[in-house]
Amino acid sequence: MGKYIVKRVLLAILTIFVISLITFFAMNAIPGGPFNSEKATSEATKAALEARYNLDKPVIVQYGLYMKNLLQGDLGVSLKTGRNISDIIWESFPISAKLGLCAAALAIVLGLVLGSIAALMRNRVPDRLIVFFTTLVTAMPSFVLATLLLYVFCMKLGWVPVWSAGNSNIILPVISLACYPMAYITRLTKTSMLDALSQDYIRTARAKGVPQIKVIFKHGLRNALIPVITYVGPMIASILTGSMVVESIFTIGGLGSKFVTGITNRDYTLIMATTIFLAVIMVVANLITDIVYKLVDPRIKLE
């Protein structure tokens, strides 16, 4: 286990390096720059700003300087606002994380429950209703669902106020973020449960008189969790960093909306910092997922 974790950490560092390399050079390959949209800025001022942030140097030199500062824990400052990037991330990430954790928990719980019900009541009315609902949600883009929820419950019915950083009501953004992963987990759980319930050890447990609920949840569901865990790890990492579409629709000042703003403004340092931050969370989530595999099924060997 220890050797495996060390190997995964080294691979994660390499992965983050490759992601940073691709992001940096792709970002600089696009014509234009962060100061080109400033119409009131003279050419001399633009040149001074580019020199101030090392944008006048060759791209490979810029990347070397950026990585040197990054290894020292310096994410730089925003090219548009002058604010420290670390402050921007730690100010906006808790908002995205709060929504993401609630949405992930809702998606996992409902997905496992609905998937188990669909498997146990295969080809009956509950199963058909669950399949219809999950198919509908899977086919519906998140921005359509978020807009529909906002229009109906906020504007028409007035049951839920429009969410903001100062408002504790997060029902609609959480539902918008949770629906698609919940539907996907439901379908994964149903498929895995059907496979698990057809195995010999389930028939043996039933023949020995083991209570049905114990057969389902201790033997069936536990062995059906591996495909679900595979999906849940990256899903949580993605949700934690915020959904750009949902945050934009509900005007939430989370990390996702900051990333969109950075791309729009060609804010190189903000784009790089948020991309690397997402990559770190993603590789950590994948590592935790592999460890959870071992806890759920001791037969799995990590090498």
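**Entry 1. Phenylalanine 24 and tyrosine 66**

I began with two aromatic residues and noted that phenylalanine 24 is buried, as is tyrosine 66. I record here that the model is a predicted one. I then searched the whole structure for aromatic pairs and obtained 10. For phenylalanine 24 and tyrosine 66, I found ring centres 6.2 Å apart and planes at 35°; the pair is therefore tilted, since this angle is neither under 30 degrees nor over 60. I located phenylalanine 24 in helix α1 and tyrosine 66 in helix α3, so the pair ties together parts that lie 42 residues apart in sequence. I also found that both residues belong to one aromatic cluster, formed by Phe17, Phe24, Phe25, Tyr63 and Tyr66.

I listed what tyrosine 66 touches once residues up to four places away in sequence are set aside: Phe24, Leu75, Thr269, Met272, Ala273 and Ile276.

**Entry 2. Tryptophan 90 and phenylalanine 277**

I next examined the rings of tryptophan 90 and phenylalanine 277. Their centres are 5.7 Å apart and their planes stand at 90°, so I entered this pair as edge-to-face. The pair links distant parts of the chain, with tryptophan 90 in helix α4 and phenylalanine 277 in helix α13, 187 residues apart.

Are the two partners buried or exposed? I found tryptophan 90 exposed, because its relative accessible area is 56% and the cut-off for this class is over 50%. Phenylalanine 277 has 16% relative accessibility and therefore counts as buried, the limit being under 20%.

**Entry 3. The whole chain**

I turned to the overall architecture. The protein chain has 13 helices and zero strands. I computed the buried share as 41% of its 303 residues. I also looked at the sequence range of contacts: among those between residues at least 6 apart, 74% join residues at least 24 apart.

**Entry 4. Nonpolar cores**

I looked for nonpolar cores and found that the largest has 30 residues. Which residues have the most contacts inside this core? I noted Tyr66, Ile85, Ile89 and Phe93. At least two residues of this core come from each of α1 (2–29), α3 (59–71), α4, α10 (225–240) and α13 (268–296). The largest share, 11 residues, is supplied by α13.

I then recorded a second, separate core of 29 residues, which includes Ala146, Val174, Cys179 and Val246.

**Entry 5. Alanine 146**

I followed up one residue of that second core. Alanine 146 is found in helix α6, residues 142–156. I classed alanine 146 as buried because its relative accessible area is 0%. Beyond residues up to four places away in sequence, alanine 146 touches Ser176, Ile249 and Phe250. For alanine 146 and phenylalanine 250, I obtained a C-alpha separation of 8.0 Å, although their positions lie 104 residues apart along the chain as counted by sequence distance.

**Entry 6. Isoleucine 19**

I returned to helix α1, where isoleucine 19 has its place. At 28% relative accessibility, isoleucine 19 is partly exposed, because this value falls between the limits of 20% and 50%. Which residues does isoleucine 19 contact when neighbours within four places in sequence are left aside? I found Thr275 and Ala279. The C-alpha atoms of isoleucine 19 and threonine 275 are separated by 8.1 Å, while the two residues are 256 residues apart along the chain.

**Entry 7. The packing of α4 and α7**

I examined how α4 meets α7. The two helices pack at an angle of about 35°, and their axes are 6 Å apart. I noted the crossing of α4 past α7 as right-handed. By class, I counted 22 nonpolar, five polar and one charged residues in this contact.

I then selected threonine 189, which is placed in helix α7, residues 171–197. Its relative accessible area is 1%, so I recorded threonine 189 as buried. With neighbours within four places in sequence left aside, threonine 189 is in contact with Gly111, Leu112, Gly115, Ser116, Leu221 and Val228.

**Entry 8. Asparagine 123**

I closed with a backbone check. Where is asparagine 123 placed? I located asparagine 123 in the loop between α4 (85–120) and α5 (125–139). I noted that asparagine 123 has a positive phi of about 65°, although this residue is not a glycine.

Notes. Residues numbered from 1 in each chain as written. Predicted model: local features only at pLDDT ≥ 70, side-chain atom pairs only at ≥ 80, totals over all residues. Heavy atoms only, no water. Helix = DSSP H or I, 4+ residues; strand = E, 2+ residues; numbered from the N terminus. Buried < 20%, exposed > 50% of the residue type's maximum accessible area, 1.4 Å probe, protein only. Contact = heavy atoms within 4.5 Å. Axes fitted to C-alpha atoms, helices over the stretch in contact; angles between N-to-C directions. Left-handed = near helix turned anticlockwise from the far one by under 90°. Nonpolar A, V, L, I, M, F, W, Y, C, P; charged D, E, K, R; others polar. Core = buried A, V, L, I, M, F, W, Y, C linked by side-chain atoms within 4.5 Å. Phe/Tyr/Trp six-rings, centres within 6.5 Å; stacked < 30°, edge-to-face > 60°.
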